[in-house]
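Work through the exercises below with the sequence and the structure open. Try each task before reading its solution.

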Amino acid sequence: MNVIKLFDYQEDMKERIEKALRLHRSVMAQMPTGTGKTVLLASVVESFLREHSNCNVWIVAHRRELVSQIRETIQRVFSKITPSLFTIEDTEKDAYFWKNE
């Protein structure tokens, strides 16, 4: 099985996000442009769904273009790792919903 290879700063942020998720139902993280936020998000979602098989992930962005970018990146990353881990439901709004199968 392949894994998502993150840079050190992304690994640090992933650990901080996962720690925050253990304490809170939702988490927001900020990183500068070009630092790989979407790939980091894909890694966090993948880890979360593996550990919480009875949970779902809902990702919301303020622009449809961002939601499409996130969906495409997660599909690309997951297709290499775990193609059947999730399904995507288009809410026809600025969000997508990832369900465990």
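The exercises cover an aromatic pair, a helix, two residues and a nonpolar core.

The model is predicted, with local features needing pLDDT of at least 70 and side-chain atom pairs counting only at pLDDT 80 or more, while totals for chains, interfaces and linings use all residues. Residues are numbered from 1 along each chain as its sequence is written, and side-chain values use heavy atoms, with hydrogens and water left out.

**Exercise 1.** Find the aromatic pair and classify its geometry.

*Solution.* Rings of Phe, Tyr and Trp (its six-membered ring) pair if their centres lie within 6.5 Å; planes under 30 degrees apart are stacked, over 60 edge-to-face, and the rest tilted. The structure has one such pair. The ring centres of Phe-7 and Tyr-9 are 5.8 Å apart and the planes meet at 5 degrees, so the pair is stacked. Next, assign accessibility: buried means under 20% relative accessible area, exposed over 50%, and partly exposed in between (1.4 Å probe, protein chains only). Phe-7, at 56%, is exposed, whereas Tyr-9, at 40%, is partly exposed.

**Exercise 2.** Compare the span of helix H2 with the expected value.

*Solution.* Helices (H or I, at least four residues) and strands (E, at least two) are DSSP runs numbered from the N terminus. The expected span is 1.5 Å times one less than the number of residues. H2 (residues 37-51) has 15 residues, so 21 Å is expected; its end C-alpha atoms lie 21 Å apart, in agreement. The buried residues of H2 include Thr-38, Leu-40, Val-45 and Glu-46.

**Exercise 3.** Describe the surroundings of Val-45 and Thr-73.

*Solution.* Contact means heavy atoms within 4.5 Å. Start with Val-45, which lies in H2 and is buried at 3% relative accessible area. Beyond its neighbours within four places in sequence, Val-45 contacts Val-57, Ile-59, Ile-74 and Phe-78. Val-57 is twelve residues away from Val-45 in sequence, with 7.3 Å between their C-alpha atoms. Then take Thr-73, in helix H3 (residues 64-81), which is buried at 8%. With the same sequence neighbours set aside, Thr-73 contacts Thr-38 and Val-39.

**Exercise 4.** Which residues of the largest nonpolar core touch the most other members?

*Solution.* A nonpolar core is a set of buried Ala, Val, Leu, Ile, Met, Phe, Trp, Tyr and Cys residues joined through side-chain atoms within 4.5 Å. Among the 16 residues of the largest one, the answer is Leu-40, Val-45, Ile-59 and Ile-74. Helix H1 (8-23), H2, strand E1 (56-60) and H3 each supply at least two residues of this core. H2 gives the most, with five residues.
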